[in-house]
Structures are given as C-alpha cells and as structure tokens.
Amino acid sequence: MSADRSPRLAGETSSHSAARTRGAQSPPGRGPGAVEVRRSTRRRRTVSAYREGDRTIVLIPARMSEAEEQRWVGVMLDKLAAQESKRMLGDTELADRAEWLSEQYLAGRARPATVRWVTNQNTRWGSCTPSEGSIRLSHRLQGMPEYVVDYVLVHELAHLLVPGHGRRFWQLLESYPRTERARGYLEGVVAAGRLPHLPPAPAE
C-alpha cells in the first residue's frame, strides 16, 4: 500500500466514487485539518493518501467496511506523517528556501545572514532582527504544509526590508500568492489550541 500523490488518482470521477469529509483530531506529529475519504468502484485492493492544502485525502475501494476504513485511515495518516518528517527542512535547507523565496517574491532584495529553527518561540511563528539579518522560525511550524512555512519565511524576509507592519509591508506580502490561505491556516491552528478538551469517556 502506498502513500502517494499520483496524477492518475485525479482521474477518478464522481460517477465512480463517493467522498465524505470528517473532522480529524490530530495525533502528535500530524498537521491539523480534515480527512476526506473517497470510495471508488475502480479500486479493488489498493489504498493511497495525499495532502491537499489543509486536508488529507484517503482513497479506498468502495466495498471496504467502516471498520476497515477507520483502520486504513489511521495507517495512511501514519505513513504520510512519517514521509513528511523525513522531508523536514534542516537549517541549511531552510536558508536555501529563504533565498529562493526572496528571489521569487521580493526580487532578491531580502538577504538574511542566518535562517534557523528555534524552540523558544511559543507565542509567535517567526521573528526577525533586521540589524543582524537573522530570521528565526518556531519549531511548531515543522510538519505544517510547505506553503505555510513559506509564508512565514516571506513574512520575516519582508521585515528585513520593512521593519513594521504598515502598508508598505503588506504590499510586499501581496506578492506571495498564498498569503491569505496560510494566514487562515495559522489562525485555525491557534483557534483549535484554545478549544476546551473533551472529558474522557466513562469506563464501561
């Protein structure tokens, strides 16, 4: 069974599949978001999954039982989480990513001296010290969708050019096409963290 995002899966049409979305309570190490299960009569035995924005899409055979569906959703979420943890950017890759983003969206004008992950930022996603040219990203971003990490990087890169959050700053952020989507994602993470935890179910 594979956890991939094969282009061939996009060809499954509504006439051959049924989809339903459900909220997913995220275990440690997995990104927040909904899980959408798509059943297809074309599938006989294979199960696959991929990320689509804030959602996880799991594709299963139409004949699969509810119990099998639940089991395979858990298996595929674990596979995706394992794959994503292997692809996690280190400090060197993060600096390379920042340089590329600066070229793409800020005409290469933002040139940080250092870009690194830190574990002491629990109330903000990133920070920048223009006088030193340093950018620091919270470790809490690790495992989140790539476009979210990119947004935070572009945000901090823009601070190397404009220190405050005035009009000029937000005009720079408009160059990154997923600004609003990434901000919405992060706001959802913050909101989810404020939700009260459900009490444990009574023992039978």
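Buried means under 20% relative accessible area, exposed means over 50%, and partly exposed is in between, worked out with a 1.4 Å probe and protein chains only. Keep that handy for the exercises below.

This is a predicted model, in which local features need pLDDT of at least 70 and side-chain atom pairs count only at pLDDT 80 or more, while totals for chains, interfaces and linings use all residues. Residues are numbered from 1 along each chain as its sequence is written, and side-chain values use heavy atoms, with hydrogens and water left out.

**Exercise 1. Get your bearings: find how many helices and strands the protein chain has, and in what order the elements run.**

Step 1. Know what counts: helices (H or I, at least four residues) and strands (E, at least two) are DSSP runs, numbered from the N terminus.

Step 2. Tally them up, and you get five helices and seven strands.

Step 3. Now walk along from the N terminus: the order is β-β-β-β-α-α-β-β-β-α-α-α.

Step 4. Add the burial figure: of the 204 residues in the protein chain, 38% are buried.

**Exercise 2. Work out whether E36 is buried or exposed, and which side chain it meets in a salt bridge.**

Step 1. Place the residue: E36 sits in strand 2.

Step 2. Check the cover: E36 has a relative accessible area of 7%, so it counts as buried.

Step 3. Look for a partner, using this cut-off: a salt bridge is a side-chain nitrogen of Lys or Arg within 4 Å of a carboxyl oxygen of Asp or Glu. E36 and R55 fit, at 2.3 Å from N to O.

Step 4. See what the pair connects: E36 in strand 2 (residues 33–40) and R55 in strand 4 (residues 55–61) are 19 residues apart, and the pair links distant parts of the chain.

Step 5. Compare the cover at the other end: R55 is partly exposed, at 27% relative accessibility.

**Exercise 3. Follow the salt bridges onward: find which residue R55 also pairs with, and which residues end up in one network.**

Step 1. Recall the background: side chains of opposite charge can pair when their charged atoms come close.

Step 2. Go back to R55, which forms a salt bridge with E52, the closest N and O atoms being 2.1 Å apart. E52 is partly exposed, at 24% relative accessibility.

Step 3. Try another pair: D150 and R97 form a salt bridge too, with 2.6 Å between their closest N and O atoms. D150 lies in helix 3 (residues 146–161) and R97 in helix 2, so this bridge ties together parts that are 53 residues apart in sequence.

Step 4. Check how covered those two are: D150 is buried at 5% relative accessibility, while R97 is partly exposed at 21%.

Step 5. Join up the bridges that share partners, and E36, R38, E52 and R55 form one network. The structure as a whole holds seven salt bridges.

**Exercise 4. Find which backbone oxygens the side chain of T179 reaches.**

Step 1. Place T179: it belongs to helix 5 (residues 179–194). With a relative accessible area of 7%, T179 is buried.

Step 2. Set the rule: a polar contact is a pair of N or O atoms within 3.5 Å; within protein, one must be able to donate a hydrogen and the other to accept it, and residues adjacent in sequence count only if both atoms are side-chain atoms.

Step 3. Read off the polar contacts: the side chain of T179 reaches the backbone oxygen of L173 at 2.9 Å. The backbone oxygen of Y176 lies 3.0 Å from a polar atom of that side chain.

Step 4. Take a look at L173 itself: it is in helix 4 (residues 167–173), and it is buried at 1% relative accessibility.

Step 5. Stretch out from L173 to L157: they are 16 residues apart in sequence, and 9.7 Å apart in space from C-alpha to C-alpha.

**Exercise 5. Say what is unusual about the phi of A107, and where A107 is found.**

Step 1. Start with the usual case: most residues other than glycine have a negative phi.

Step 2. Check A107: its phi is positive, about 55°, although A107 is not a glycine.

Step 3. Locate A107 in the loop between helix 2 and strand 5 (114–118).

Step 4. Finish with its cover: A107 is exposed, with a relative accessible area of 62%.
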